[in-house]
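Work through the exercises below with the sequence and the coordinates open. Each task is followed by a solution in steps.

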Protein chains: 2
Amino acid sequence: MLVLPDQIRNLIESFSNLPGVGQKTATRFALSLINRPVHELDAFAFNLKNLLSVEKCQECGLFADEPICRICASEHRKESGLICVVEQFTDAMAIEGSNRFSGLFHVLGGVLNPLMGVGPSEIAFDSLMERISKNNVCEIILALNPSVEGDATSAFIKDEILKRFHDKVSVERIGLGMPVGGALEFLDPMTISKALENRRRF
Amino acid sequence: MLVLPDQIRNLIESFSNLPGVGQKTATRFALSLINRPVHELDAFAFNLKNLLSVEKCQECGLFADEPICRICASEHRKESGLICVVEQFTDAMAIEGSNRFSGLFHVLGGVLNPLMGVGPSEIAFDSLMERISKNNVCEIILALNPSVEGDATSAFIKDEILKRFHDKVSVERIGLGMPVGGALEFLDPMTISKALENRRRF
């Protein structure tokens with residue numbers, strides 16, 4: 001029985017740790033790299049190791065080239081008194097892309113998931129509380145994805161803020177409803193029921 | 001507008017060169033590696049570079065730890081006078097897995113594709129001709145995938161062998177027909193017509 005050489009099997013192992021990649025896809029990836037030029041493999045390996053040099057803003061947790069990112073350093077944004085709490089960098093990217101938000105961000109880096117051992121100390125929860133108490137924050141917008149974990153994390157953060165800061169800080173959650181361009185017939189029942197709840201006078 | 005740091009964008013670029021991986025999947029792969037432990041990224045990078053140390057049998061082109069692979073070194077297999085021509089290593093693996101072939105292999109490393117600039121000198125064609133002329137080969141089994149390029153490559157190799165070795169070498173192609181466990185209703189018309197052509201007395 002023919003078997004693949006160790007070098008290729010090790011690489012397949014590495015690829016199969018990526019999200020959504022099984023043994024077959026990993027094998028395809030590894031074999032596709034076999035005849036690539038040396039400099040391309042070197043660049044790939046360098047880019048992987050270079051990930052370790054990515055730095056995050058000490059305030060909000062967004063990727064940044066400086067210790068404090070441009071958003072956290074902006075007086076205009078600080079004055080808004082608004083913090084939008086997101087799970088990860090790409091969520092903040094999406095919100096910035098809409099050009100409708102001019103407050104600060106706070107990246108949690110995950111959502112609560114007791115089964116996977118993710119509690120409040122595994123996400124950037126304490127630093128959020130600290131930012132609220134030290135700065136002049138009047139409003140928190142929770143923009144976590146609507147999932148079981150996202151909902152539980154939102155509820156937990158809301159309760160903690162109300163407990164610690166009472167009425168000084170208002171907590172809001174990003175609106176749930178029909179996506180623009182969506183088709184009613186293909187929407188799931190949960191989204192439709194949220195869209196009906198969130199109807200507004202027209 | 002928020003943009004991803006250069007380090008992450010470079011890695012996305014590397015991932016998006018993999019087959020079937022677009023910008024979105026590459027981004028997902030890159031971001032999933034952000035919080036991985038250092039040793040895991042190091043191992044991944046090492047495994048990539050280590051691909052360069054994979055060696056091939058000088059005779060047949062299969063991956064091998066020795067200059068001549070175990071199959072090419074086997075007297076029993078050499079005596080068969082049979083060479084099975086495949087496109088790549090994994091094809092030979094599949095044939096070995098069937099336990100029904102006891103001849104030698106020859107890995108072309110590709111199929112003819114004039115539009116992509118792949119001619120006979122880009123694949124292991126000359127070395128195949130050399131093996132036939134130097135060794136006691138009586139039969140060539142073409143086991144290339146049934147595609148436009150595979151068919152053209154098979155036809156080209158057959159013509160060349162007949163031209164150079166006349167009746168001394170018989171050229172055969174692996175059988176086309178219904179796969180075992182397949183369902184007629186889902187088969188494409190080409191496969192059905194090949195299966196009808198290749199019918200045998202029962």
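The exercises concern a predicted model, and they go from chain symmetry to helix contacts and then to single residues.

**Exercise 1. Relation of the two chains**

Task: Determine by what turn and what shift chain A can be laid on chain B, and name the relation.

Solution.
- Step 1. Two copies of a chain are related by a rotation about an axis and a shift along it.
- Step 2. For chain A and chain B the turn is 180° and the shift along the axis is 0.0 Å, with an RMSD of 0.1 Å.
- Step 3. The relation is therefore that of a two-fold axis.
- Step 4. In chain A, the residue that comes closest to the rotation axis is A:Ala45, with its C-alpha at 2.1 Å.
- Step 5. Both copies use the same surface, as 100% of the contact residues of chain A recur in chain B.

**Exercise 2. Helix crossings between the chains**

Task: Describe how α1(A) crosses α3(B), and list the residues in contact.

Solution.
- Step 1. Helix α1 of chain A covers residues 6-15 and helix α3 of chain B covers residues 38-50; their axes come within 9 Å and cross at roughly 145°.
- Step 2. The hand of this crossing is left.
- Step 3. From α1(A) the contact takes A:Gln7, A:Asn10, A:Leu11, A:Ser14 and A:Phe15, and from α3(B) it takes B:Ala43, B:Phe44, B:Asn47, B:Leu48 and B:Asn50.
- Step 4. Sorted by class, these are 5 nonpolar and 5 polar residues, with no charged ones.

Task: Repeat the analysis for α3(A) and α1(B).

Solution.
- Step 1. The axes of α3(A), residues 38-50, and α1(B) come within 9 Å, at a crossing angle of roughly 145°.
- Step 2. This crossing is left-handed.
- Step 3. On the α1(B) side the residues are B:Gln7, B:Asn10, B:Leu11, B:Ser14 and B:Phe15; they meet A:Ala43, A:Phe44, A:Asn47, A:Leu48 and A:Asn50 of α3(A).
- Step 4. The class count is 5 nonpolar, 5 polar and no charged.

Task: Is B:Gln7 buried or exposed, and which residues of chain A does B:Gln7 touch?

Solution.
- Step 1. B:Gln7 sits in helix α1 (residues 6-15) of chain B.
- Step 2. B:Gln7 has a relative accessibility of 17%, so it counts as buried, the cut-off being under 20%.
- Step 3. Leaving out residues up to four places away in sequence, B:Gln7 touches A:Asn50, A:Ser53 and A:Val54.

**Exercise 3. A helix pair inside one chain**

Task: Characterise the crossing of α7(B) and α8(B).

Solution.
- Step 1. The axes of α7(B), residues 126-134, and α8(B) come within 12 Å and cross at roughly 35°.
- Step 2. The crossing is right-handed.
- Step 3. α7(B) supplies B:Leu128, B:Met129, B:Ile132 and B:Ser133, while α8(B) supplies B:Ile157, B:Glu160, B:Ile161, B:Arg164 and B:Phe165.
- Step 4. The contact residues of this pair comprise 6 nonpolar, 1 polar and 2 charged.

Task: Place A:Met129 in chain A and list its contacts.

Solution.
- Step 1. A:Met129 belongs to helix α7 (residues 125-134) of chain A.
- Step 2. Its relative accessible area is 4%, so A:Met129 is buried.
- Step 3. Beyond neighbours within four places in sequence, A:Met129 contacts A:Ile157, A:Glu160, A:Ile161, A:Arg164 and A:Phe165.

**Exercise 4. Cysteines**

Task: How many disulfides are there over all chains, and why is A:Cys57 not bonded to A:Cys60?

Solution.
- Step 1. The rule asks for two cysteine sulfur atoms within 2.5 Å.
- Step 2. The closest cysteine sulfur to that of A:Cys57 is in A:Cys60, at 3.6 Å, which is too far for a bond.
- Step 3. For B:Cys57 the closest is in B:Cys60, at 3.7 Å, also too far for a bond.
- Step 4. The count over all chains is 0 disulfides.
- Step 5. As to burial, A:Cys57 is buried at 4% relative accessible area, and B:Cys57 is buried at 3%.

**Exercise 5. Positive phi**

Task: Where are A:Asn99 and B:His166 found?

Solution.
- Step 1. A:Asn99, not a glycine, has a positive phi near 60°.
- Step 2. A:Asn99 is in the loop between α6 (89-97) and β2 (104-107) of chain A, and is exposed at 65% relative accessible area.
- Step 3. B:His166, likewise not a glycine, has a positive phi of about 50°.
- Step 4. B:His166 is in the loop between α8 (148-165) and β4 (170-173) of chain B, and is exposed at 51%.

Conventions. Residues numbered from 1 in each chain as written. Chains lettered and ligands numbered in written order. Predicted model: local features only at pLDDT ≥ 70, side-chain atom pairs only at ≥ 80, totals over all residues. Heavy atoms only, no water. Helix = DSSP H or I, 4+ residues; strand = E, 2+ residues; numbered from the N terminus. Buried < 20%, exposed > 50% of the residue type's maximum accessible area, 1.4 Å probe, protein only. Axes fitted to C-alpha atoms, helices over the stretch in contact; angles between N-to-C directions. Left-handed = near helix turned anticlockwise from the far one by under 90°. Contact = heavy atoms within 4.5 Å. Nonpolar A, V, L, I, M, F, W, Y, C, P; charged D, E, K, R; others polar. Least-squares fit on C-alpha atoms with pLDDT ≥ 70 in both.
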